[in-house]
Amino acid sequence: MPRFHRLTVLRRLAHPGQGFTQGPITDGGMVWESTGQYGQSALRRYRLGADEPEAVATLPAELFAEGICRIGDYLWQLTWRERVALRWDLRSLELQETISYNREGWGICNAGSYVLTSDGSSELVRRDPRTLLPLGLVKVACDGRRVGGLNDLEWAGGRVWANVAPTSYLAGIDPDSGEVVDIIDGRAASERHGRDPQAFLNGISALHAPGEFLVTGKTWRHLYHVRLAEARTRKRPERLLAAG
């Protein structure tokens, strides 16, 4: 049975540009964020709490940007259906390289000796951090049921943390077994956007304090600095993570 968590909101911060976020990463007080949509995709950098980005690199109109992760002094940015990944200089946001990529791109995170990527299915792929060539497959399940909709990814505390689209829940995944060992109820950090089905929770970045994260969603007005808190055990946890 997985452990259950809820979110305590510590701070609500401006979300510069209110973009169609595919995931933020943080380093101290700096945030890098990938935003999607054809003709609107970009990589943005801003100070946490700022109202506007301090730097924006736009993508060609034919590319739909997806998740990002940091490898040393550069960033990888995936694209959705174009099957290419972009390598950016971390500081200047100058494009250094474009490489072929063998699946749809959704989320990506740095797990130390390898990176993990998602494609909206129940599978995560281990990849070489320098080339993104596949190294192995992680099949994700909760109590025997495969968990699809895996989207933005983050690595913290020896776990892969994944947004499960289009739900308000996040899964903490054992990277060796693929088993969901933690479930986060993210509804405390949520926004109403009328009937827009795409404005769901998508974006998680670990902060320095254990159990604290930055979360947001597609076109949301705010970023939320949150802390995990224990929640009551739920029956049939696999149903909470049922995408669609």
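These are my notebook entries on a few places I looked up in this predicted model.

**Entry 1: the pocket**

I went for the largest pocket to begin with, and its volume comes out at about 410 Å³. I then checked the lining, which has 18 residues; the closest to the pocket centre are Ile25, Thr26, Glu154, Ser205 and Ala206. Which strands supply at least two residues each to that lining? I found strand 2 (21-27), strand 6 (65-71), strand 10 (108-110), strand 16 (150-156) and strand 20 (201-206). By kind, I noted 10 nonpolar, 5 polar and 3 charged residues in the lining.

**Entry 2: Ala65**

Strand 6 came up in the pocket lining, and Ala65 lies in that strand, so I looked at how much of the residue is covered: Ala65 has 0% relative accessibility and therefore counts as buried, the cut-off being under 20%. Beyond its neighbours within four places in sequence, I found Ala65 in contact with Gln22, Ser34, Thr35, Gly36, Ser41, Ala42, Leu59, Gln77 and Leu78. I also looked up one distance here: Ser41 is 24 residues away from Ala65 along the chain, with 5.4 Å between the C-alpha atoms.

**Entry 3: strands 4 and 5**

Ala42, one of the contacts of Ala65, led me on to strand 4. Strand 4 (residues 42-47) runs antiparallel to strand 5, and 4 bridges join the two. Opposite Ala42 I found Thr58 of strand 5. Which face of strand 5 (residues 55-58) is covered, and which is uncovered? Ala55 and Ala57 make up the covered face, while Val56 and Thr58 are on the uncovered one.

**Entry 4: a sheet of four**

Strand 10, which I had met in the pocket lining, also belongs to an open sheet of 4 strands, in the order 10-11-12-13 with antiparallel pairing. Why do strand 10 and strand 13 (134-139) each have one side without a neighbour in the sheet? They stand at the edges and each has a single partner strand, so one side is left free of a neighbour. On average, neighbouring strands of this sheet are turned by 25° against each other, ignoring direction. Within the sheet, I saw strand 11 (residues 115-118) and strand 12 (residues 123-127) paired over 4 antiparallel bridges. Leu116 has Arg126 of strand 12 as its bridge partner.

**Entry 5: His225**

My last stop was His225, in strand 22 (residues 222-230). Is His225 buried or exposed? Its relative accessible area is 10%, so I put it down as buried. Past the neighbours within four places in sequence, His225 is in contact with Thr8, Val9, Leu10, Arg11, Leu207, Glu212, Phe213 and Leu214. I noted Pro210 too, 15 residues from His225 along the chain, with their C-alpha atoms 13 Å apart.

Notes:
Residues are numbered from 1 along each chain as its sequence is written. This is a predicted model: local features need pLDDT of at least 70, side-chain atom pairs count only at pLDDT 80 or more; totals for chains, interfaces and linings use all residues. Side-chain values use heavy atoms; hydrogens and water are left out. Buried means under 20% relative accessible area, exposed over 50%, partly exposed in between (1.4 Å probe, protein chains only). Two strands pair if DSSP finds at least two bridges between them. On a 1 Å grid over the protein atoms alone, a cavity is a set of points where a 1.4 Å probe fits but cannot get out, and a pocket is an open set with protein on both sides within 12 Å along at least five of seven lines; lining residues have an atom within 4 Å of a point. Grid points are joined across faces, edges and corners, and a volume is the space filled by probe spheres set on the points. Ala, Val, Leu, Ile, Met, Phe, Trp, Tyr, Cys and Pro count as nonpolar, Asp, Glu, Lys and Arg as charged, and the others, Gly among them, as polar. Contact means heavy atoms within 4.5 Å. Axes are lines fitted to C-alpha atoms, for helices over the stretch in contact, and angles run from 0 to 180 degrees between N-to-C directions.
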